[in-house]
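Trainee: I am new to this structure and would be grateful for a close look at one part of it. Could you please describe the place where the ligand sits and what surrounds it?

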Amino acid sequence: REYGDISLKDIDQVAKRSFPLCMRHLFDKLREDHHLKHGGRMQLGLFLKGVGLNLDDALAFWRAEFSKKVGLEKFEKQYAYSIRHNYGKEGKRTDYTPYSCLKIISSTPGTGDHHGCPYRHFSEENLRAALGKMGVNSRSMEDVIDKVRNRHYQLACTLTFEALHGMPCDAGINHPNQYFSDSKKILDS
Ligand code: SF4
């Protein structure tokens, strides 16, 4: 097993501590709405695969939420396939790779979508609220917002990481899974 594997029983705690804002937002929305549209399912689903959630746990995770909204039968019929697909168990058996920051930043979420990069796609008001909820203090918040205004979204994410971990992140953030593993390294040490 790779460093940073997560299991279902502590996924909520791990999400709070070590998910970057893009994934934290999708995770919270899924818990809240028991649903995510396709773009969100892909972005979060591949990230979760990347952090080491195995296929059985992934199916259980999505099933628990989606069945509250669409029912168990519809989940199995309509959604379980694409989760197995992400793990390379269906279709062409391609092993899909988690999305990088560049890919996420350049995506174009529409109405009702929750994927994308919050630094790029949220209004300033919503971004401030989300950062506050994460625990970013008001001084760091201004530095983050300043980067966002200059369209340095990954630098904004890096500053958020540094504010929340009290440690420099010299390499900068370029991948959500890197944010996760760097966070785990600091918090578990
Ligand atoms: Fe996610 Fe990357 Fe945006 Fe950070 S910069 S929120 S890791 S897409």
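Mentor: What follows describes the ligand site, beginning with the cavity and ending with the ligand's own shell. Please bear in mind that this is a predicted model.

The count comes to 1 cavity of 30 Å³ or more, and about 100 Å³ of space lies in the largest cavity. The elements that give two or more residues to its lining are helix H2 (21–33), H6, H7 and helix H10 (153–165). The ligand takes up the space of this largest cavity.

As for its position, the largest cavity lies between domain 1 (10–86) and domain 2 (101–188), because both domains give residues to its lining. That lining consists of 14 residues, and Cys22, Cys101, Cys117, Tyr119 and Cys157 are the ones nearest the centre of the cavity. By class, 13 of the lining residues are nonpolar and 1 is polar, while none is charged.

We may now turn to the ligand itself. Around the ligand stand four cysteines, Cys22, Cys101, Cys117 and Cys157, together with the prolines Pro20, Pro118 and Pro176, the isoleucines Ile104 and Ile173, and Tyr119. By class, this shell has 10 nonpolar residues, with no polar and no charged ones. Two helices each supply at least two residues of the shell, namely helix H6 (101–105) and helix H7 (118–121). Helices H6 and H7 are also among the elements that contribute two or more residues to the lining of the largest cavity.

Terms used
Residues numbered from 1 in each chain as written. Predicted model: local features only at pLDDT ≥ 70, side-chain atom pairs only at ≥ 80, totals over all residues. Heavy atoms only, no water. Near = heavy atom within 4 Å. 1 Å grid on protein atoms, 1.4 Å probe; cavity = no way out; pocket = protein on both sides within 12 Å on 5 of 7 lines; lining within 4 Å. Sits in = over half its atoms within 2 Å of the grid points. Helix = DSSP H or I, 4+ residues; strand = E, 2+ residues; numbered from the N terminus. Nonpolar A, V, L, I, M, F, W, Y, C, P; charged D, E, K, R; others polar. Points joined across faces, edges and corners; volume = space filled by probe spheres on them. Domains from an automatic or database assignment.
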